[in-house]
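User: I am new to this structure. Could you show me how to read a few of its features?

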Amino acid sequence: MEKSKVFFTDLRTTPKLNLLDKLEKLLERTGIENIDFKDKLTAIKIHFGEPGNLAYIRPNYAAKLVHIVKKLGGKPFLTDANTLYSGRRSNGVDHLESAYENGFNPLATGCHVIIADGLKGVDYREIKIDQELCKTAKIGSAIAESDILISMTHFKGHEMTGFGGTLKNLGMGCASVGGKLEQHSTSKPNIKAEKCISCGQCLKNCAHDAIVWDENKKAKIVTGNCVGCGQCIVVCPVGAVRVLWEAASELLNKKIAEYTYAAIKGKQCLHISFIMNVSPDCDCWNSNDVPLVPDIGIAASFDPVALDMACVDLVNGAPIIYGSKLTDSHHEHGDLIGEDKFSHVHPNTNWRIGLKHAEKIGVGSMEYQLIKI
Ligand code: SF4
Ligand code: SF4
């Protein structure tokens, strides 16, 4: 069988060929004109970045893509679905404000922003998929109802899935709040009472009233209310909140693969991945740590699995940046060229499971051919 093609451009430029020109050339080479855009509603799925985090994709790239889609006759809009945790993208109003604040507004990008699952995250379409873990998937209605889906992904590390790539952007990112809950709900944390210093941060930040004080005024999770969003893990100053990541990561990655199947089902799709600012953690945090590796380039493919696999290989083939999270514990091992950086930085995650599952259910292929343009 022919390997999936992944097209790649590096980041070298000249005054006659800047990065926006290179993106356009990359998309031309990938074959974007083979998509029938004529009068089609085209969802461009992107993560607008939690305000404070500066690693997200620059709006300029979105503007270039919008321009190309319009030129080809499509009706593009930028979209993302609301988050499960209590940040600044957890409802339609805050989410839109955050998008505008980070530069994703009609003036800068040339198109509108539509929050895919509406004001409170309950505007979704249930897509029948009959997969191993999910029989249906709740996909934000603006994405489910679009004719064409283009993903623009910031490729980076991720604390729960190993890396955050195209499958994460599609599977988790297109899901409504309830869909996100379904994917996360196996990953519930617990609190080590002996470590808890009773600061109350987790109670304050849990959007689901799932944390209470026990009789010794130590925080305790009410499992029935917990949706496994992970917010309490991040805010705890002493690391008292823990989750069994390994099992949770496997299930989560498989569910993300199944939700990706739902998001792209029956649609013309194209996927673009920006391997820049490869921060160790998700863009959902309101900060971004030093990137793990130097900026690498932009890749595009019609196959989301091949694209993620190619991005992993490109990152793993690069030297680490000294001073990044990777040097906290691995500085004695040198540049780590060729090593799995995502397993180093998030040792209890297993990203391979997700890609293999996605391949098994027909989302794409891990076998790819990298075509440098
Ligand atoms: S207890 Fe933690 S993981 Fe559970 S819903 Fe609350 S913040 Fe999220
Ligand atoms: S944030 Fe951590 S230390 Fe503070 S109350 Fe919650 S578990 Fe305890």
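Analyst: We will look at a strand, then a helix. This is a predicted model: local features need pLDDT of at least 70, side-chain atom pairs count only at pLDDT 80 or more, and totals for chains, interfaces and linings use all residues. Residues are numbered from 1 along each chain as its sequence is written, and side-chain values use heavy atoms, with hydrogens and water left out.

User: Is strand 7 buried or exposed?

Analyst: Buried means under 20% relative accessible area, exposed over 50%, partly exposed in between (1.4 Å probe, protein chains only). Strands (E, at least two residues) and helices (H or I, at least four) are DSSP runs, numbered from the N terminus. Seven of the seven residues of strand 7 (residues 148-154) are buried, so the rest of the structure largely encloses it. Ile148, Ile150, Met152 and His154 point one way, while Leu149, Ser151 and Thr153 point the other.

User: Which strands pair with strand 7?

Analyst: Two strands pair if DSSP finds at least two bridges between them. Strand 2 (residues 41-45) runs parallel to strand 7, joined by four bridges. There, lysine 45 stands opposite serine 151. Strand 14 (residues 268-275) is also parallel to strand 7, with seven bridges. Isoleucine 272 is the bridge partner of methionine 152.

User: Where do the buried residues of helix 3 lie?

Analyst: An α-helix has 3.6 residues a turn, so residues three or four places apart point the same way. In helix 3 (residues 92-101), Gly92, His95, Ser98 and Ala99 are buried. They cover an arc of only 130° around the axis, which puts them on the same side of helix 3. The arc is that of the directions from the helix axis to the C-beta atoms.

Conventions:
Chains are lettered from A and ligands numbered from 1 in the order in which they are written.
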